[in-house]
Amino acid sequence: MLLFTLEYVKVDVVTVSASLSSVPAYVKYGFKFNGDTGISAGLVYQPMKIELILSHYNQL
């Protein structure tokens with residue numbers, strides 16, 4: 001589902017607030033750490049981002 005979504009975005013950078021348990025999956029897809037962990041609504045998250053070459057994901 002993530003690759004499908006990245007295929008259709010029209011921005012250069014996608015950011016997420018990843019739950020700590022999902023960080024390895026985001027890393028697998030090329031996301032990088034983007035700051036220190038934080039807490040929102042009692043949940044710990046890791047800011048992450050991926051810089052896209054828009055045509056790159058259209059080839060996957």
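**Exercise 1.** In this predicted model, find how strand β1 and strand β4 pair, and over how many bridges.

*Solution.* Start by locating the two strands: β1 covers residues 13–19, and β4 covers residues 43–51. Next, follow their directions, and you will see that they pair in the antiparallel sense. Counting the bridges then gives seven. To anchor the pairing, take V13, whose bridge partner in β4 is E51.

**Exercise 2.** Work out how strand β2 pairs with β4, and which residue of β4 stands opposite K32.

*Solution.* Go to residues 32–33, which make up β2. This strand and β4 are joined by two bridges in the antiparallel sense. Now look across from K32, and you will meet K49 in β4.

**Exercise 3.** Describe the link between strand β3 and β4, and the turn of their hairpin.

*Solution.* First find β3 at residues 38–40; three bridges join β3 to β4, and the two strands run antiparallel. As a checkpoint, I39 stands opposite V44 in β4. Then turn to the hairpin that β3 and β4 form: two residues lie between the strands. One of the turn residues to look at is A41, with a positive phi of about 55°.

**Exercise 4.** Now step back and describe the whole protein chain: which elements does it have, and in what pattern?

*Solution.* Tally the elements to get three helices and four strands. Reading along the sequence, you can write their pattern as α-β-α-β-β-β-α. For burial, take the 60 residues of the chain: 22% of them count as buried, where buried means under 20% relative accessible area. Finally, the accessible surface of the chain is about 4,500 Å², and carbon and sulfur atoms account for 58% of that surface.

Terms used: Residues numbered from 1 in each chain as written. Predicted model: local features only at pLDDT ≥ 70, side-chain atom pairs only at ≥ 80, totals over all residues. Heavy atoms only, no water. Pairing = 2+ DSSP bridges. Buried < 20%, exposed > 50% of the residue type's maximum accessible area, 1.4 Å probe, protein only. Areas by Shrake-Rupley, 256 points an atom, 1.4 Å probe, with all protein chains shown as cover.
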